[in-house]
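Subject: Structure handover, with notes

Dear colleague,

Here is the structure that I promised to pass on to you. Please open it alongside the sequence while you read the notes that follow.

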Amino acid sequence: MTSNILLLGDGKTADDLARWLQSKGDHVTQYRVNHPIDLNSCPPFDVMIDAHFDINRKMTAWASVRNCVTDDAMVFTSCTAACVTQVAALMDRNLLVAGFHPWAIETLDVMELSRPLQEENDHRWGRLEQFWAERGKHVEVVDDAPGLVFPRILSLLVNEASFALSEGVATAQDIDSAMVLGTNYPKGPFTWADEIGVDEILAVLASLHRELGEDRYRPSLYLKKLVYAGRTGKYAGRGFYQYEQEVMSDV
């Protein structure tokens with residue numbers, strides 16, 4: 001089933017998501033807060049997907065597009081660094097909302113969804129699961145918590161690897177090789193982090209540390225320094241590794 005989708009976000013994760021949805025036959029309009037486009041000439045959108053991980057950017061984008069979606073629109077909002085109950089409360093419209101994570105959309109077979117408390121008895125919620133199932137994803141509904149499952153566990157792995165790197169235990173390449181060859185992971189933690197975005201990894205850890213207060217979620221200083229320096233991964237040209245600068249393409 002083809003949908004008219006409004007995608008909020010920029011960067012590699014959002015661009016990958018737009019490309020994947022288009023490959024499934026959907027019509028995708030991508031809205032970037034820093035490079036806004038006029039949506040007045042577009043027909044109302046029946047699906048909105050917000051790939052921002054920062055709650056303030058979510059609300060800034062929502063304020064700009066809130067009149068461009070239908071009254072019964074399905075909304076999927078990235079919950080790598082926020083819980084969907086909080087986001088749904090701030091949206092001030094009775095829309096059908098689910099949390100999800102957009103990481104590695106082109107390679108993962110599973111789609112994690114989280115349900116806000118406001119919709120715990122909403123009979124329409126099956127539509128949200130059906131949307132992803134129709135596009136070939138196995139849907140798992142998980143608890144409403146920042147990071148969901150895959151982002152939470154991967155971020156912890158990257159964080160521990162970052163501590164090991166900063167302590168001189170091994171080089172980044174050696175740590176990646178140890179995890180690929182020693183545990184049969186498809187990619188090493190630093191390669192994963194650079195592809196997803198070091199800033200997104202940090203956002204997950206910071207949110208979990210803030211919400212749960214447990215030291216195991218405390219981000220490593222080196223991870224924070226990479227983000228401070230703008231070395232947020234492959235899309236930026238440099239993260240744990242250095243890359244040839246990628247050119248952002250409009251979708």
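In this predicted model, strand β4 and strand β5 (residues 96–100) pair in the parallel sense over five bridges, where two strands count as paired if DSSP finds at least two bridges between them, and where helices (H or I, at least four residues) and strands (E, at least two) are DSSP runs, numbered from the N terminus. Within this pairing, F76 has A98 of β5 as its bridge partner. The connection between the two strands passes through helix α3 (residues 84–90), and β4, α3 and β5 together make a right-handed β-α-β unit; a crossover is called right-handed if, with the strands pointing away from the viewer, the path from the first strand over the helix to the second runs clockwise.

Strand β4 also pairs with strand β3 (residues 45–50), again in the parallel sense and over five bridges, and here V75 of β4 is the bridge partner of M48. The chain runs from β3 through helix α2 (residues 55–65) to β4, in a β-α-β crossover that is right-handed. Strand β4 itself (residues 69–78) is largely enclosed by the rest of the structure, because seven of its 10 residues are buried, a term that means under 20% relative accessible area, with exposed meaning over 50% and partly exposed in between (1.4 Å probe, protein chains only).

On numbering and confidence, residues are counted from 1 along each chain as its sequence is written, and side-chain values use heavy atoms, with hydrogens and water left out. As the model is predicted, local features need pLDDT of at least 70 and side-chain atom pairs count only at pLDDT 80 or more, while totals for chains, interfaces and linings use all residues.

Turning to the cysteines, how many disulfides does the structure hold? There are zero disulfides, a disulfide being a pair of cysteine sulfur atoms within 2.5 Å. For C68, the closest cysteine sulfur is that of C42, and at 7.5 Å it is too far for a bond. C42 and C68 are 26 residues apart in sequence, and their C-alpha atoms are 8.1 Å apart in space. C68 counts as buried because its relative accessibility is 14%, whereas C42, in the loop between β2 (27–31) and β3, has 27% and so counts as partly exposed. The sulfur of C79 has its closest cysteine sulfur in C83, 7.1 Å away and therefore too far for a bond; C79 is buried, at 0% relative accessibility.

Further along the chain, helix α5 (residues 150–166) and helix α6 (residues 172–183) pack at an angle of about 135°, with their axes 10 Å apart. The axes are lines fitted to C-alpha atoms, for helices over the stretch in contact, and angles run from 0 to 180 degrees between N-to-C directions. The two helices are therefore oblique to each other, given that angles under 35 degrees count as roughly parallel, over 145 as roughly antiparallel, 65 to 115 as roughly perpendicular and the rest as oblique.

Finally, two backbone angles deserve a look. N184, in the loop between α6 and α7 (189–196), is not a glycine and yet has a positive phi of about 65°; at 68% relative accessibility, N184 counts as exposed. A104, in the loop between β5 and β6 (110–114), also has a positive phi, near 50°, but A104 counts as buried, at 19% relative accessibility.

With best wishes
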